[in-house]
Amino acid sequence: MKKRIFSGAQPTGELHIGNYLGALKNWVALQDDYEAFYCIVNLHAITLPQDPATLRQKTLDLARVYLAAGVDPSRSTIFIQSDVAAHAELTWVLSCIARMGELERMTQFKDKSSKGSSERAGVGLFTYPVLMAADILLYQADLVPVGQDQKQHLELSRDLAVRFNRDFGETFKVPDPYIPKAGASIKSLQDPTKKMSKSDENPKASIFLTDDADTIAKKIKSAVTDSGTDIKFDESRPAINNLLTIYQLVTGKSAEECEANFEGKMYGQFKGELAEATIEFMRPFQERIKQFDDETVKEILRTGADSARSIANATLRDVYQKTGIS
Ligand code: AMP
Ligand code: TRP
């Protein structure tokens with residue numbers, strides 16, 4: 001029996017190369033060795049205000065991104081979170097064993113709610129990590145491939161699994177995170193101390209998956225650099241570190257090969273080569289994404305939801321049985 005993986009992304013904003021290199025690329029690689037479930041987490045999306053028509057469209061668009069990136073629906077299950085009601089149901093049960101204190105410590109909640117005050121933050125934004133735990137635990141996932149920013153949420157999922165198992169008997173597999181060594185946190189091109197983020201207001205900070213060659217080249221050209229001229233990995237120079245990491249991941253070269261390639265070269269030349277490599281890397285994805293029409297995507301999502309549902313419902317039945325809710 002193959003081990004299982006589960007991961008998901010929110011159908012909000014525009015996906016960027018950080019999502020691709022930190023998450024999607026690994027999803028595609030892992031489906032060879034694992035039974036994979038890749039979810040479009042639309043219930044997570046509404047923890048912040050969304051326009052309904054846009055959300056519906058982005059949900060389909062995100063499925064297309066998964067497919068174009070190489071997630072193969074004949075091997076992996078692609079589905080929409082809200083199509084499997086068990087996600088919302090298990091969230092309720094888990095929120096009864098989660099503690100206010102542990103949710104208050106979640107840094108993403110603090111970041112997202114501090115834009116208003118927590119007085120006005122939605123309760124759903126607060127319990128967001130419990131829904132994420134339900135996503136994962138329903139499928140008895142062994143491994144969860146995510147970027148660095150989700151590490152804390154994953155620890156909560158593990159804690160909730162352990163707590164439930166202790167209180168009600170062995171029920172959930174305790175999932176391990178899979179956070180890639182390179183690319184787990186791709187930084188903003190304009191401020192390499194911040195992660196590249198869907199919610200960044202400056203479009204020059206991110207390379208979007210839909211950017212054309214010209215736009216990619218311009219954004220890389222205008223990326224900030226640090227002082228010093230060597231093109232080398234160096235913890236104390238976050239800008240060059242970030243750009244070299246992108247170069248390493250889009251070319252598939254080792255860190256040493258990347259540094260050797262640019263020894264004695266100037267920033268101008270480096271940025272030119274980085275732009276070219278990034279454009280080449282994105283090209284097959286950008287061609288494939290046009291191939292999936294809405295009907296094909298909807299059919300894949302229907303089939304995906306059917307197989308996800310049967311696994312999720314079996315776990316939920318077990319949970320209800322053990323907690324006396326049947
Ligand atoms: P989201 O789009 O926020 O739902 O995130 C989807 C996936 O992309 C998650 O696994 C994130 O951890 C990952 N991710 C988001 N931003 C970055 C980034 N800047 N670098 C690497 N991975 C990221
Ligand atoms: N919270 C994740 C993010 O914003 C998305 C997500 C929801 C997820 N449920 C998940 C990721 C389960 C992995 C597993 O990136």
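This section describes the domains, nonpolar cores, ligand surroundings and selected residues of a predicted model.

The domain assignment of the chain gives two parts, domain 1 (4–183 + 294–323) and domain 2 (203–288). Taken over C-alpha atoms, the centres of domain 1 and domain 2 are separated by 30 Å. To the contact between them, domain 1 contributes 14 residues and domain 2 contributes 15 residues.

The largest nonpolar core holds 56 residues, among which Leu 21, Tyr 66 and Phe 270 touch the most other members. Helix α12 (residues 267–288) supplies the largest share of this core, with nine residues. At least three residues of the core are drawn from each of domain 1 and domain 2. The surroundings of Phe 270 can be listed in detail: when residues up to four places away in sequence are not counted, Phe 270 touches Ile 231, Ile 240, Leu 243, Leu 244, Tyr 247 and Phe 262. A second core, separate from the one just described, has 40 residues, including Val 84, Phe 109, Val 130 and Leu 160.

Two ligands are considered in turn. Ligand 1 is surrounded by 18 residues, of which Gly 147, Asp 149, Ile 186, Met 196 and Lys 198 come nearest. Helix α1 (residues 17–30) gives the most to this shell, with four residues. Polar contacts to ligand 1 involve both backbone and side-chain atoms of the protein. A polar backbone atom of Gly 147 is 2.8 Å from an oxygen atom of ligand 1, and an N or O atom in the side chain of Asp 149 is 2.5 Å from an oxygen atom of the ligand. At Met 196, a backbone N or O atom lies 2.9 Å from a nitrogen atom of ligand 1. On its own, ligand 1 has 490 Å² of accessible area, and the protein covers 92% of this area.

Around ligand 2 there are 13 residues, the closest being Gln 10, Tyr 128, Met 132, Asp 135 and Gln 150. Three of these closest residues make polar contacts through their side chains. In the side chain of Gln 10, an N or O atom is 3.3 Å from an oxygen atom of ligand 2. A nitrogen atom of the ligand is 2.6 Å from an N or O atom in the side chain of Asp 135, while a polar side-chain atom of Gln 150 lies 3.1 Å from a nitrogen atom of ligand 2. Taken alone, ligand 2 exposes 370 Å², of which the protein buries 91%. Two or more residues of the surrounding shell come from each of β1 (3–9) and α7 (123–138), and α7 gives the most, with four residues.

Several residues in loops were examined individually. Ser 188 is placed in the loop between β5 (176–178) and α9 (213–221). Ser 188 counts as buried because its relative accessibility is 2%, below the cut-off of 20%. A polar atom of the Ser 188 side chain lies 2.9 Å from the backbone nitrogen of Asp 191. Beyond residues up to four places away in sequence, Ser 188 touches Lys 194, Lys 195, Met 196, Asp 200, Ala 205 and Asn 242. Among these contacts is Met 196, a residue that also comes among the nearest to ligand 1.

Gln 81 is found in the loop between β3 (77–80) and α4 (86–95). With a relative accessible area of 0%, Gln 81 is likewise buried. Its contacts, again leaving out residues up to four places away in sequence, are Cys 39, Ile 40, Val 41, Asn 42, Leu 43, His 44, His 87, Leu 131 and Asp 135. Asp 135 thus appears both among the contacts of Gln 81 and among the residues closest to ligand 2.

Cys 96, in contrast, is exposed, with a relative accessible area of 53%. Cys 96 lies in the loop between α4 and α5 (100–104). From C-alpha to C-alpha, Cys 96 and Ile 78 are 29 Å apart in space, with a separation of 18 residues in sequence. A further loop residue, Gln 140, is found between α7 and β4 (143–145). Although Gln 140 is not a glycine, its phi is positive, at about 55°.

Notes:
Residues numbered from 1 in each chain as written. Chains lettered and ligands numbered in written order. Predicted model: local features only at pLDDT ≥ 70, side-chain atom pairs only at ≥ 80, totals over all residues. Heavy atoms only, no water. Core = buried A, V, L, I, M, F, W, Y, C linked by side-chain atoms within 4.5 Å. Buried < 20%, exposed > 50% of the residue type's maximum accessible area, 1.4 Å probe, protein only. Domains from an automatic or database assignment. Contact = heavy atoms within 4.5 Å. Near = heavy atom within 4 Å. Polar contact = N/O pair within 3.5 Å; in protein donor to acceptor, adjacent residues only side chain to side chain. Areas by Shrake-Rupley, 256 points an atom, 1.4 Å probe, with all protein chains shown as cover.
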